[in-house]
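I opened the notebook to record what I looked up in this structure, going from the whole chain down to single residues.

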Amino acid sequence: MYAYTAPQWVLFFLFYCLAGWCIESIFVSVRTRRLVNRGFLYGPAIPIYGFGAIAILFATLPVRVRPALVFLLGMAAATVLEYVTGAVMEAIFQVRYWDYTGKPFNLHGYICLNTSLAWGVLSIVLVLWLHKPVERVVLSFPARLTQWLAVALGAVFLTDTVLSAKAALDLRQLLRQMAQHAESARESARLLQKRLEVAAVFRLDDFLHSLPDGGEALQAHMEALEDAARRLERSDAAEQLRADLALWRIRRAVIREGIRQRLTWEHRLRLKGNPSARSRRYAEQLQLLRQRVEEDRKHRSSRK
């Protein structure tokens, strides 16, 4: 009764990808009050729901007449799948496309108790009610039609997956470059701070020598800076400081504009479709991109 053919499994998978996309897109669109194409892919599909449904069906169909086992086995299968998928995706793309960090009883932010219980409830709904009409429809198709549908729709899905993965890798590269630029900017800022300290020594030196006791107590703490200051001419140090500061400001402006130009519509779509996405390595850069997307959205809205 449950020995489905490979094309039938493909159709089940694609249907539940679509169903998951509909549920999440409607929920997020209502919450954010604007249309959101939810998920990792460009098209109307969220693979985790498709894989989750298939994992649940594999685990529970043999015991579909026992709701308690359906709940437990379905919850376990989907939770394991969600953990593995989340860990693998973060390792590859350096971005968490869902993150349960901060929720009670979470494990590394990939899974949490509430979501696992929801998977159990979904297993009951899927196996006892939802899958029956879907199964009836798919099994009513002629074998040849089932094969053609599976091949055609599967090819579209695979193409979308490849293109989406490429865009996600490009987003990872953008985040990496932003992090490198940020580190370079911080290094420039540290050098400027050192030059400011050196410049301050000249003023402090005059102050120390004006004190009645020569400022011996303070002088002891400033010997290292004074030694560095004596190696530079006052005019040269000030001129170099102004030049470095101007160069740093120009470089920062160029970096910010470069980020805006490199933020393609694919990046924007990915960020909009995954508002809960997080990155441990590139948290600052990901937040900056979100701000850019939101600024551009408000700018376009104000022009209408």
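The entries below begin with the overall make-up and then turn to one helix pair and two residues.

**Entry 1, the whole protein.** I note at the outset that this is a predicted model, and I read every value here as computed from it. I looked up the secondary structure and found 10 helices and 2 strands, which follow one another along the sequence in the pattern α-α-α-β-β-α-α-α-α-α-α-α. I then checked burial, and of the 304 residues in the protein 39% are buried. For the surface I noted about 18100 Å² exposed by the protein, with carbon and sulfur atoms supplying 65% of that area. I also looked at how far along the sequence the contacts reach: taking those between residues at least 6 apart, I found that 74% join residues at least 24 apart.

**Entry 2, helices α3 and α4.** How do the axes of α3 and α4 cross? I found that the axes of helix α3, residues 67-93, and helix α4, residues 113-140, come within 7 Å and cross at roughly 125°. Because of that angle, I put α3 down as oblique to α4. The crossing of the two helices, α3 and α4, is right-handed.

I next listed the residues that make this contact. From α3 they are P67, V70, F71, G74, M75, A78, T79 and E82, while α4 contributes T115, S116, L117, W119, G120, V121, S123, I124, V127 and L128. Sorted by class, the contact of α3 with α4 comes to 11 nonpolar, 6 polar and 1 charged residues.

**Entry 3, Q8.** Is Q8 buried or exposed? I located Q8 in helix α1, which covers residues 6-32, and I found its relative accessibility to be 12%. I therefore entered Q8 as buried, since the cut-off for that class is under 20%. Leaving aside residues up to four places away in sequence, I found that Q8 touches V138, L139 and T146. One of these partners, V138, lies within the span of helix α4, residues 113-140.

**Entry 4, A283.** I looked up A283 last and found it in helix α10, which runs over residues 283-303. Its relative accessibility is 43%, so I entered A283 as partly exposed, the class that lies between the 20% and 50% cut-offs. I also checked the separation of A283 from V95: these two residues are 188 residues apart along the chain, and their C-alpha atoms are separated by 8.9 Å.

Definitions and conventions:
Residues numbered from 1 in each chain as written. Predicted model: local features only at pLDDT ≥ 70, side-chain atom pairs only at ≥ 80, totals over all residues. Heavy atoms only, no water. Axes fitted to C-alpha atoms, helices over the stretch in contact; angles between N-to-C directions. Parallel < 35°, antiparallel > 145°, perpendicular 65-115°, else oblique. Left-handed = near helix turned anticlockwise from the far one by under 90°. Contact = heavy atoms within 4.5 Å. Nonpolar A, V, L, I, M, F, W, Y, C, P; charged D, E, K, R; others polar. Buried < 20%, exposed > 50% of the residue type's maximum accessible area, 1.4 Å probe, protein only. Areas by Shrake-Rupley, 256 points an atom, 1.4 Å probe, with all protein chains shown as cover.
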